[in-house]
Amino acid sequence: MHDTMVVEEDFFGRMKVKSPYCDTEIIRRFTLVNENGMSIQLITYGAAITSIKVPDKNGTVEDVVLGFDNLEGYQNHPYYFGCTVGRVTNRISNGTFRIGNKEYILEKNDGPNHLHGGSHGFNKIVWDSLVEGSSVTFSHHSPSRNQGYPGEVMCYVTYQLTDDNEVLIDYKATSTQTTPLNLTNHSYFNLGGHGSGPVYNHTVTVNADYYTPVGETLIPTGEIADVTRTVFDLRKSTDLASIMNRIPGGGFDHNFCVNGEIGTSRLAAKVFHSGSGRSLEVWTTQPGVHFYTGDSLPTNDSLKGKGGAIYKKHGGFCLETQHYPDSVNKPNFPSCIIGPGELYQHTTVFKFAVEE
């Protein structure tokens, strides 16, 4: 990392209705550019990534994450584009969990289940921000019983762009009470360019010998299943066009158990787009990675994104580094519970490259 990288800051929008968890209604945007012509943009609303521009094999720079040109897009859409998700990403069955003898009841915002921290989770609040050198740190104080969760939680999410074309994301948090915590970034990627249509022309590799099968409402059954001889065996580079229609439901919305030691940074997944030559590796210290192929995006032309692009079903993919879904109710899954004063910390790296 060289010291000449400057973080540019500008105005992105103004909240029409002030957030109950923040003192400001002004939304700031931060732009980081490296020496290779790669750039990322971040906003204080949802501590979100709004743009990642990466050169292709011909040097042509394209934006490879789905998003919106204005604040209203991020406020109004239900798809979590680019945002930081919490307090607990993914699903909690029946919107309930127990800690000791106490039951906690959460909002059911996904059929019978609780999803991504509730309808006013971390993706819908304005975060404080601090620029330090070439990094931006977003912070948020979440009051006790916010969205039903126990404990006051103090969260920090730090983004950094390196000259190795890596986006580093570091998460830290503490709580005043025992509570579940499971933060992730929910960017939708399309390595052909954010508006280039379905991602069937990508190949994917997931470094996982096991996955967590789900029932009808996408809650894990509790089994940790071997991927061998199943459509979930993505250990070798797999063409999405050849496998998507073989997945129950017509696309991926599944958690994979990343091989290697939890807490150490290891490769979770790699995606390649031959047309542009762009590749993306995702590295994480988390137990799992959730591979999602944008199955809930609309099938019609109703969703307009950046530059007037139309985003439709399967128009982007997410690789959400995480604890396994519903781990708060599955004693055999790695625990996402932290105690008072305990430091929650994990790191994710999105590493971009060009391959022939």
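A polar contact of 2.7 Å links the side chain of serine 187 to that of asparagine 185, and this pair is a convenient place to enter the structure, which is a predicted model. Serine 187 sits in the loop that runs between strand S16 (184-185) and strand S17 (202-206). Although it belongs to a loop, serine 187 has a relative accessible area of 2% and therefore counts as buried, the limit being under 20%. Apart from neighbours within four places in sequence, the residues in contact with serine 187 are Ile49, Val65, Gly82, Phe317 and Cys318.

From this loop one can step back to the protein as a whole, which contains two helices and 27 strands. Its radius of gyration is 19 Å, close to the 21 Å that the globule rule gives for 356 residues, so the protein is as compact as a globular protein of that length. The C-alpha trace spans about 60 × 50 × 40 Å along the principal axes, and 57% of the 356 residues count as buried. Among contacts with a separation of 6 or more, 66% are between residues 24 or more positions apart. The accessible surface comes to about 14,000 Å², and carbon and sulfur atoms account for 48% of that surface.

Strand S17, which follows the loop of serine 187, also belongs to an open sheet of nine strands with antiparallel pairing, in the order S11-S12-S13-S14-S27-S23-S22-S17-S20. The edges of this sheet are strand S11 (128-132) and strand S20 (238-239), each of which pairs on one side only. S17 and S20 run antiparallel and are joined by two bridges, and threonine 203 stands opposite aspartate 239 in S20.

The sheet leads on to the nonpolar interior, where the largest core has 61 residues, and Ile52, Val167, Phe252, Phe256 and Phe352 are those with the most contacts inside it. The largest share of this core, five residues, is contributed by strand S13 (residues 153-161), which is also a member of the nine-stranded sheet. Phenylalanine 352, leaving out residues up to four places away in sequence, touches a set of residues that includes Ile52, Val54, Val64, Val167, Phe189 and Leu191, as well as the polar residues Asp164, Asn165 and Ser279. A second core, separate from this one, has 24 residues, among them Tyr45, Val85, Val126 and Tyr292.

Polar side chains are found in the interior as well, as glutamine 322 in strand S25 (residues 318-322) shows: with a relative accessible area of 0%, this residue is buried. The side chain of glutamine 322 makes a polar contact of 3.1 Å with the side chain of asparagine 90. Beyond its neighbours within four places in sequence, glutamine 322 is in contact with residues that include Thr89, Asn90, Asn182 and Asn255, together with Gln286, Pro287, Gly288, Val289 and His290.

The loop between S25 and strand S26 (337-338) holds asparagine 332, which counts as partly exposed because its relative accessibility, at 46%, lies between the limits of 20% and 50%. Asparagine 332 and glycine 222 are 110 residues apart in sequence, yet their C-alpha atoms are 7.4 Å apart in space. A polar atom of the side chain of asparagine 332 lies 2.8 Å from the backbone oxygen of glycine 222, and, leaving aside neighbours within four places in sequence, the residues in contact with asparagine 332 are Gly222 and Ile224.

Key. Residues are numbered from 1 along each chain as its sequence is written. This is a predicted model: local features need pLDDT of at least 70, side-chain atom pairs count only at pLDDT 80 or more; totals for chains, interfaces and linings use all residues. Side-chain values use heavy atoms; hydrogens and water are left out. A nonpolar core is a set of buried Ala, Val, Leu, Ile, Met, Phe, Trp, Tyr and Cys residues joined through side-chain atoms within 4.5 Å. Buried means under 20% relative accessible area, exposed over 50%, partly exposed in between (1.4 Å probe, protein chains only). Helices (H or I, at least four residues) and strands (E, at least two) are DSSP runs, numbered from the N terminus. Contact means heavy atoms within 4.5 Å. A polar contact is a pair of N or O atoms within 3.5 Å; within protein, one must be able to donate a hydrogen and the other to accept it, and residues adjacent in sequence count only if both atoms are side-chain atoms. The radius of gyration is taken over C-alpha atoms; the globule rule is 2.2 Å times the number of residues to the power 0.38. Accessible areas come from the Shrake-Rupley method with a 1.4 Å probe; for residues, only the protein chains shown count as cover. Two strands pair if DSSP finds at least two bridges between them.
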